[in-house]
Amino acid sequence: LSQEEGNNINNLGTKTISKNEIAEKLMLLRKKYSKHFFKKKEIDKRYLRKRRKEDLFTLSRPNSIISEHFKVTRTILMSMLKGQGMKTILVTSSLPLEGKSFVASNLALSIASGLDKYVLLVDADLRKPVQQQIFKINSELGLADYLVNEKHQLIDLIQKTPVQKLSLLPAGSAYENSSELL
């Protein structure tokens with residue numbers, strides 16, 4: 001709201017809500033409706049099937065609007081990281097199916113294909129890894145295996161992708177205590 005609109009609302013006697021209250025209410029709504037969405041297994045499966053066809057948008061449709069957004073994001077991130085000397089980007093979320101893998105894979109592709117940068121994409125989702133499927137890489141070993149048994153050399157676990165300057169460290173084997181490994 002503009003300052004004037006805010007003043008008009010206050011003059012009407014309505015309650016002013018702080019940013020924290022708004023954030024709490026939005027989070028409650030998000031939890032309520034996302035739980036409702038994830039209870040429906042049919043929707044869940046249709047969503048996954050539909051997404052798998054177009055996971056590598058920046059590779060399959062380099063001139064699309066989505067690809068352009070990844071290029072803009074890449075430019076902003078690289079300018080922010082350059083000044084601070086950082087070289088790592090973490091993509092995460094609080095709920096499943098929010099697009100972590102989609103964003104991570106397409107952002108990595110955008111950085112590797114657009115700049116003079118080499119990218120290592122690490123699939124640290126040890127419970128439900130999908131980066132191997134997205135890049136169509138068959139590998140039994142990965143990050144989890146290295147964390148369990150350090151006799152594995154990281155260089156041997158890193159896989160090449162179809163993009164020249166992009167490599168992938170897959171999640172690896174499934175272990176019961178995968179969350180404790182990290």
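Me: Buried means under 20% relative accessible area, exposed over 50%, and partly exposed in between, with a 1.4 Å probe and protein chains only. By this scale, is Glu 68 buried, exposed or partly exposed?

Reply: This is a predicted model in which local features need pLDDT of at least 70, side-chain atom pairs count only at pLDDT 80 or more, and totals for chains, interfaces and linings use all residues. Residues are numbered from 1 along each chain as its sequence is written, and side-chain values use heavy atoms, with hydrogens and water left out. The relative accessibility of Glu 68 is 36%. That value lies between the limits of 20% and 50%, so Glu 68 counts as partly exposed.

Me: With which residue does Glu 68 form a salt bridge?

Reply: A salt bridge here is a side-chain nitrogen of Lys or Arg within 4 Å of a carboxyl oxygen of Asp or Glu, and a search of the whole structure finds one. The two partners both lie in helix 5 (residues 65–84), three residues apart, about one turn of the helix. The second partner is partly exposed, with a relative accessible area of 27%. The closest N and O atoms are 3.2 Å apart, and the residue that pairs with Glu 68 is Lys 71.

Me: How many helices does the protein have?

Reply: Helices (H or I, at least four residues) and strands (E, at least two) are DSSP runs, numbered from the N terminus. Read along the sequence, the pattern is α-α-α-α-α-α-β-α-α-α-β-β-α. Beside three strands, the number of helices is 10.

Me: What share of the residues scores a pLDDT of at least 70?

Reply: pLDDT is the predictor's confidence in each residue, from 0 to 100. The protein averages a pLDDT of 78, and the share of residues that score at least 70 is 77%.

Me: How many contacts does the model have beyond four places in sequence for residues 40–51?

Reply: Contact means heavy atoms within 4.5 Å. Over residues 8–12 the pLDDT is below 50, and that stretch has three contacts beyond near neighbours in sequence. Where pLDDT is low, the predicted coordinates should not be read in detail. Over residues 40–51 the pLDDT likewise stays under 50, and the number of contacts beyond four places in sequence is seven.

Me: How many of the 15 residues of helix 6 are buried?

Reply: Helix 6 covers residues 100–114 and reaches 21 Å from its first C-alpha to its last, close to the 21 Å expected at 1.5 Å a residue; the expected span is 1.5 Å times one less than the number of residues. Its buried residues include Phe 102, Leu 107, Leu 109 and Ile 111. Ser 113, which lies in helix 6, counts as exposed because its relative accessibility is 54%. Helix 6 is mostly covered, and its number of buried residues is 11.

Me: What is the relative accessible area of Gln 131?

Reply: Gln 131 is found in helix 7 (residues 131–134). Leaving aside neighbours within four places in sequence, Gln 131 is in contact with Ser 101, Ala 104, Ser 105, Leu 121, Asp 123 and Leu 168. Among these partners, Ser 101, Ala 104 and Ser 105 are buried residues of helix 6. Gln 131 is itself buried, with a relative accessible area of 3%.

Me: How far apart in space are Gln 133 and Asp 55, C-alpha to C-alpha?

Reply: Gln 133 is found in helix 7 and is exposed, with a relative accessible area of 53%. In sequence, Gln 133 and Asp 55 are 78 residues apart, while in space their C-alpha atoms are separated by 9.7 Å.

Me: Where does Leu 97 lie?

Reply: Leu 97 has a positive phi of about 65 degrees although it is not a glycine. At 24% relative accessibility, Leu 97 counts as partly exposed. Leu 97 lies in the loop between helix 5 and helix 6.

Me: Which residues form a nonpolar patch on the surface with about 280 Å² of accessible area together?

Reply: Patches are made of residues with over 30% relative accessible area and no salt bridge; like charges are joined within 9 Å, and nonpolar side chains (Val, Leu, Ile, Met, Phe, Trp, Tyr) within 5 Å. Accessible areas come from the Shrake-Rupley method with a 1.4 Å probe, and for residues only the protein chains shown count as cover. One member is found in helix 2 (residues 19–39) and is partly exposed, with a relative accessible area of 42%. The residues of the patch are Ile 22, Leu 26 and Leu 29.
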